[in-house]
Amino acid sequence: MSPEEVDWSLIPAPADDGGADHLVGTALPDVSLPATKGASVNLGNLRGWAVIYVYPMTGRPDRALPQDWDEIPGARGCTPQSCAFRDHFAQLKGYGVDHLFGVSTQDSDYQKEAATRLHLPFALLSDKDGAFGAALDLPAMKVDGDRLLKRLTMIARNGEIAQVFYPVFPPDQDAENVINWLKTHAN
């Protein structure tokens with residue numbers, strides 16, 4: 001089984017703890033985040049439709065995941081989630097998505113390895129300093145002493161959050177959920 005293929009019945013599903021209930025109708029913050037494709041991106045300045053998926057961390061072939069990673073509800077699935085957005089990129093553009101980004105607390109160098117290995121046609125953004133997560137009061141978890149953001153996906157239009165998917169499970173279905181929402185809401 002490849003890293004993109006997971007038997008989700010063996011992974012504990014995350015519960016909705018209400019950590020994202022406040023986000024719909026909120027403006028994306030005026031925070032610039034380093035991007036894997038060069039310059040920083042200020043999500044608050046984006047116009048048009050934007051999809052921002054937030055994930056805890058991607059694994060790397062040369063590094064071990066935190067101990068018991070698969071047992072942490074909502075932790076597993078960052079690679080399948082990113083690959084699903086990669087595979088549906090053209091379809092998302094066809095439904096009017098102007099901007100697509102993945103966001104984690106990993107630094108840009110770490111993210112660049114994943115973006116290259118997974119052949120992502122969009123940038124990953126680093127919230128290493130936590131400014132974006134703090135500005136939106138995004139749900140988070142501590143793993144091995146690191147603060148990681150919990151998996152969620154926001155759809156924004158002209159800088160305002162219009163829809164939030166939280167918790168996201170299974171992660172490899174996230175892009176399809178976004179597309180289904182866009183089919184009835186995007187102009």
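Buried means under 20% relative accessible area, exposed over 50%, and partly exposed in between (1.4 Å probe, protein chains only). Helices (H or I, at least four residues) and strands (E, at least two) are DSSP runs, numbered from the N terminus.

The model is predicted: local features need pLDDT of at least 70, side-chain atom pairs count only at pLDDT 80 or more, and totals for chains, interfaces and linings use all residues. Residues are numbered from 1 along each chain as its sequence is written, and side-chain values use heavy atoms, with hydrogens and water left out.

**Exercise 1. Helix 3**

Task: State which residues of helix 3 are buried, and which are exposed on the other side.

Solution.
- Step 1. Ser 108, Tyr 110, Gln 111, Ala 114 and Ala 115 are the buried residues of helix 3.
- Step 2. Look down the helix axis. These buried residues fall within an arc of 155 degrees, so they line one face of helix 3. The arc is that of the directions from the helix axis to the C-beta atoms.
- Step 3. Turn to the other side of helix 3: Asp 109 and Thr 116 are exposed there.
- Step 4. Find the cover. Strand 1, strand 4 and strand 5 (123-126) are among the elements over the buried residues of helix 3. Contact here means heavy atoms within 4.5 Å.
- Step 5. Check Thr 116. Thr 116 belongs to helix 3 (residues 108-117), and its relative accessibility is 58%. Its C-alpha atom is separated by 9.2 Å from that of Thr 36, with their positions 80 residues apart along the chain.

**Exercise 2. Helix 5**

Task: Compare the expected span of helix 5 with the distance between its end C-alpha atoms, then locate its buried face.

Solution.
- Step 1. Take the rule: the expected span is 1.5 Å times one less than the number of residues.
- Step 2. Apply it. Helix 5 (residues 174-185) has 12 residues and should span 16 Å; its end C-alpha atoms are 17 Å apart, which agrees.
- Step 3. List the buried residues of helix 5: Asp 174, Ala 175, Val 178, Ile 179, Trp 181 and Leu 182.
- Step 4. Down the axis, the buried residues of helix 5 fall within an arc of 165 degrees, so they line one face.
- Step 5. Name the cover. It includes strand 3 (49-54), helix 1 (78-87), helix 2 (89-94), strand 4 (97-104), strand 8 and strand 9 (160-165).

**Exercise 3. Salt bridges**

Task: Count the salt bridges, and say what the pair Asp 17 and Lys 150 ties together.

Solution.
- Step 1. Set the rule: a side-chain nitrogen of Lys or Arg within 4 Å of a carboxyl oxygen of Asp or Glu. The count is six.
- Step 2. Asp 17 and Lys 150 form one salt bridge, at 2.8 Å from N to O. Asp 17 lies in the segment before strand 1 (32-35) and Lys 150 in the loop between strand 7 (146-149) and strand 8 (152-157), so the pair ties together parts 133 residues apart in sequence.
- Step 3. Grade the partners. Asp 17 is partly exposed at 45%, and Lys 150 is partly exposed at 24%.
- Step 4. Arg 60 and Asp 62 pair at 3.1 Å, N to O. Arg 60 is buried at 17%, whereas Asp 62 is exposed at 53%.
- Step 5. Extend that pair. A network of salt bridges links Arg 60, Asp 62, Glu 113 and Arg 117.
- Step 6. Arg 86 and Asp 87 also meet in a salt bridge, 2.8 Å from N to O. Arg 86 is partly exposed at 25%; Asp 87 is exposed at 54%.

**Exercise 4. Backbone exceptions**

Task: Locate the cis peptide bond from Tyr 166 to Pro 167, the one from Phe 169 to Pro 170, and the positive phi values of His 119 and Asp 137.

Solution.
- Step 1. Recall the background: most residues other than glycine have a negative phi, and most peptide bonds are trans.
- Step 2. The bond from Tyr 166 to Pro 167 is cis, with omega near -10 degrees. The bond from Phe 169 to Pro 170 is cis too, with omega near -5 degrees.
- Step 3. Place the prolines. Pro 167 is in the loop between strand 9 and helix 5, and Pro 170 is in the loop between strand 9 and helix 5.
- Step 4. His 119 has a positive phi of about 55 degrees. His 119 sits in the loop between helix 3 and strand 5 and is exposed at 62%.
- Step 5. Asp 137 has a positive phi of about 50 degrees. Asp 137 sits in the loop between helix 4 (131-136) and strand 6 (140-143) and is exposed at 53%.
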